[in-house]
Amino acid sequence: MNNILIYLVIVPLATAFLIPFVDIFSNKARKILVGFSALLEFSIGIYIIISNYGEITEHTFFLKYYLGNWIPPIGITLSMDMLSLFFSTLISVSLLFIITYSIGFIGHHEGKYYVLLFLIWAAMHGIVLTGDIFNLDVFLELMLITSAPLVAFKRNRNGTEAAIKYMFFGAIGGLFIFIGVILVYFNLGTLNFADIAQSFSLLPLFSKKMIIIFFLIGIFIKLGIFPFHFWLSKAHSACPSSISALLSGVIVKVYIYVFIRLFFNVFGFDILRETGLDIIIIVIALTSSILGHVLALSENDIKRMLAYSTVANLGIIVAVLTLNTKLAILAGLLHVMAHLLMKVSLFTATGYLLQFTPSHKLQDLKGVAYKNIILFAGFTLTAAGMIGLPPMIGFASKWHILQAFLDRSFHWGSIIVILGTIIAFFYYIKYIIYGFKTISIGPPERFRLILSVFYRERVVTNIAILFAIAVVVVGVFFKLSYGPIEGAANAVMNPSIYIESILGG
Amino acid sequence: MLSLILTSMNFSSLNILMVSTGIIITLVSIISSRDYSYNNTYLFYLCNLIYILGFTMIILTENWIIFIIGWELVTVSTFLLLLWGSNKIARVYLIIQFIGSNFLLYVVLMIMNAGYNTIGPIDNFKLQLLLIIGVGVKSAIIGFHFWLPIVHSRAPAPASAILSGWVVKLGFIVLLKTVTTGNILLFYAGIAMVIYAGIQALLATDYKVLLAFSTISQLGFIAIGIGSGNQYAYWGSVLHIIVHGLAKTSLFLSSGYWVKSMKSRSIYQFKNGWFKDKTNSIITILGLAVLAGFPILAGYNSKHLIKYAAGDGWILKYVFHGLSIITYLYVLRFIKWGIFNLDKKGEKDLDEDRKVIGLNALSALILPIILVLLITLRSNIITGIDYTDYHLLHGFIISLIYILISVTVLKLSNWIYIKEKPVPSMDLLLIRIKNGYRWLNGRPKIERLEVDMENQIYNIAINFAKMVYNFLPKTIQSQLLFIPVVLLLLLLFYI
């Protein structure tokens, strides 16, 4: 029993509900509240790590909390193993900095913005911590409902269209997951992860396959894997850049967590392998990856390009994870971290740069590097990381991914990864070359004055540069992140630890 | 990371030798670069520093990861060095090198997967071949050499000195460590490189193009030495890597000064070279003599070892004599056109603007040559062969015969005076491919491209990507239709 877990969900949830009340009194109080809560939530995560440091290094870390003291499988269990810890830390760190970025970036309707952002944070932690499949579904829906208004935050035609599309696809994906939950409950009479995991193999093959298909399609729609990727580029590009960073960097990783937790721990990977579904998943994911890269190449809009690159990278992550060797899961989790850092870095930098251009189009980005040369250098470094140049973190993950594919003699996978990075090289260098191009003063009507609206410009640039530095520093010292990632991979590979820890205590 | 780098390093005498040669080459080119008024000098020095770090990692390490990181550092830093010249060439270089390094990464992982966890001898012929192809793009092994004359001839002189003098050798240094027992395909590739690039150098009208092709040709000798698997030929390759690196650096740097003083790159315009710039002339002749392998210079020692140890049977022996003559041919042709294309009238006219070479240039040009001479005296340390074993008298006689044959051939062919050719570029390459295709279809030739090659490839890629994009459905109704379709497919085939 550990009370601390519930605070990870309650603190952001309570902040979200407090903000409107504080907003009535003063703007300043709200800002203080937002900063304070973000720091508090972050420090809870730090506290968990520090107080359990010994167990984390020995990979035996496990925390659990029974809501209302209902012993599983009856009540809802919140639990945190190495995998949850890994994702929870990533969420907390990136959200803290994204909120700091937003303080300088978002000026209007701040109240609503932070309410939604904290609700997303609560939902994400809920998903990562919960041990109940219905609860998981609830949090997934909460995340969808709260992120959809943020997609439409710019209140223009493009944003609204994207949000409607996002809602449509997200709701249908949620529906599939919900049907899956119903099927699980009617077949097994339980909703607890550990309990399901124990008795799932006893089900008839047909039911098992049915349940897995529904969950798989649901998660694939939410992840934007081909052929369900249509909503992603629109949704991730129409919103403000801070939200793009959140959606493309963090939220998709939470869906990756759901994918790992459900298919590796709850249902067990054996059923996928026995029925040959793993090969199908790998093929779909690799198709999605190469298609994402090709579509990113076709794009003329920098944010849509970054969004398509997310599709490509998610495909790689899913494919690598599905290889189901220890090396593969390590590579997948490393790439989860790498892609999170790099995408947040790219989107935050892009958010700054796009304030000085009339549109997101490539042609309008001419000479944008000279607005802030250090920030653009960071953008360039991160882009180099995305194509796997050392010493950026992208190199470490690319190396491990290739190794994982070759380890299972899956040559096609590694060839697609390499081909993808070569295509990525072409689409990133296009923007970098344009960024460094010097502008010749043309007819005056083409260069209308663009007023940048930053509320605190220094905060915005500093956060963007900070993420770029993180990409390099984590890349140089990536061996240090081996320990926790290895622990997380252990947790994925041995579902029995999870089952015993929940039911046996 | 740092501990990983340090623990994986092997400070064997060979590695130390290679690293120090590389550092000397870099320093010399930095000294020479001071004669070119570069802006952002500190950035230039920083790039050089990263480059030194990169190749030090490649040469010293025994760990494949560090090796790949080193390659990428070298690629990126040399790309940045090229940016001080022309952006376009730098871009072409980066694109080709990036594709090459991705292939190398794949090959290295294949090798690691086969159980070779550290850089060392590889017994598997297929893996050897893969590695040779992997470093092929970087080290311009025949078939992947197309970019070298383009980039090396258009780069600024200090950058091309680094590229031609050392970067292309890095691949062969790796091959030295891995292909220890020889590889017959590498051997024949080496012969092909010497012949093909030698003839190209012989027909070149641009001095830097000549030097670039001569680099490929000399790399061929190194490949022969490694590919033969013979112990002495192997040491000959080691020696040739060092000697050629130093000599080519000096030659490329001097080419920069030649171009400056002659205001042209065409060798036919190098009139009265001897009168104009005696220092540069002497250094150039010395450098070329090292390439050709004239006795008492270190080039003779390395070529002697490769020539007499690598070949078996009388046919190969004659082939090797032929290969040596090819080098002599293009070297003598350049000396004739470039330096001794004298004009008695010109001697008087030139009195005022006689070139006095600066201190930077002097030290940059002479240092490598002095080192080569030193290596000549002490090459027994590297190769473990006594100095008397080089049969100097025999070498003199053979070299004189080579020179005699070469001069006769050149004299008969009027010192190969041909129409000036354009400097090779990617566009020219594409025109040649297109004309070949048009010739097959019986259509008239084209003279120039409407869009340059880089943009053309880009357009093809982007048009293909746009085609894929247009192929996918646009309306939300049709996009949503994929969900039931996939569900049905999975239900049909999976359950």
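**View 1. A nonpolar patch on the surface of chain B in the predicted model.** In this predicted model, a nonpolar surface patch of about 620 Å² is formed by B:Ile296, B:Leu393, B:Phe396, B:Ile397, B:Ile401, B:Ile405 and B:Val409. One of these residues, B:Ile405, belongs to helix α18 of chain B, which covers residues 392-412, and B:Ile405 is partly exposed, its relative accessible area being 37%.

**View 2. The surroundings of B:Ser399 in helix α18 of chain B.** B:Ser399 is also placed in helix α18 of chain B, where this serine counts as buried because its relative accessibility is 2% and buried means under 20%. When residues up to four places away in sequence are not counted, B:Ser399 touches B:Gly293, B:Phe294, B:Pro295 and B:Tyr328.

**View 3. The two domains of chain B and the contact between them.** Chain B is divided into domain 1, residues 2-412, and domain 2, residues 426-494, and the centres of these domains, taken over C-alpha atoms, are separated by 39 Å. Seven residues from domain 1 of chain B and five residues from domain 2 of chain B take part in the contact. Between them the two domains bury about 520 Å², with 64% of this area on carbon and sulfur atoms, and zero salt bridges are found across their interface.

**View 4. The interface of chain B and chain A.** Here 43 residues of chain B are in contact with 52 residues of chain A, and the area buried between the two chains is about 4600 Å², of which 84% comes from carbon and sulfur atoms. Across this interface, too, zero salt bridges are found, although a search of the whole structure finds six over all chains.

**View 5. A salt bridge between A:Asp81 and A:Arg261.** The side chains of A:Asp81 and A:Arg261 meet at 2.8 Å, N to O, and the pair links distant parts of the chain, 180 residues apart, with A:Asp81 in the loop between β2 and α4 of chain A and A:Arg261 in helix α11 of chain A. A:Asp81 is buried at a relative accessible area of 4%, and A:Arg261 is buried at 1%.

**View 6. A salt bridge between B:Asp206 and B:Arg265.** In this pair the closest N and O atoms are 3.3 Å apart; B:Asp206 lies in the loop between α9 and α10 of chain B and B:Arg265 in the loop between α11 and α12 of chain B, so the pair ties together parts that are 59 residues apart in sequence. B:Asp206 is buried, with a relative accessible area of 7%, whereas B:Arg265 is partly exposed, with 23%.

Key
Residues are numbered from 1 along each chain as its sequence is written. Chains are lettered from A and ligands numbered from 1 in the order in which they are written. This is a predicted model: local features need pLDDT of at least 70, side-chain atom pairs count only at pLDDT 80 or more; totals for chains, interfaces and linings use all residues. Side-chain values use heavy atoms; hydrogens and water are left out. Patches are made of residues with over 30% relative accessible area and no salt bridge: like charges are joined within 9 Å, nonpolar side chains (Val, Leu, Ile, Met, Phe, Trp, Tyr) within 5 Å. Accessible areas come from the Shrake-Rupley method with a 1.4 Å probe; for residues, only the protein chains shown count as cover. A salt bridge is a side-chain nitrogen of Lys or Arg within 4 Å of a carboxyl oxygen of Asp or Glu. Helices (H or I, at least four residues) and strands (E, at least two) are DSSP runs, numbered from the N terminus. Buried means under 20% relative accessible area, exposed over 50%, partly exposed in between (1.4 Å probe, protein chains only). Domain bounds come from an automatic or database domain assignment. Contact means heavy atoms within 4.5 Å. Buried area is the accessible area (1.4 Å probe) that two parts lose on being put together, summed over both.
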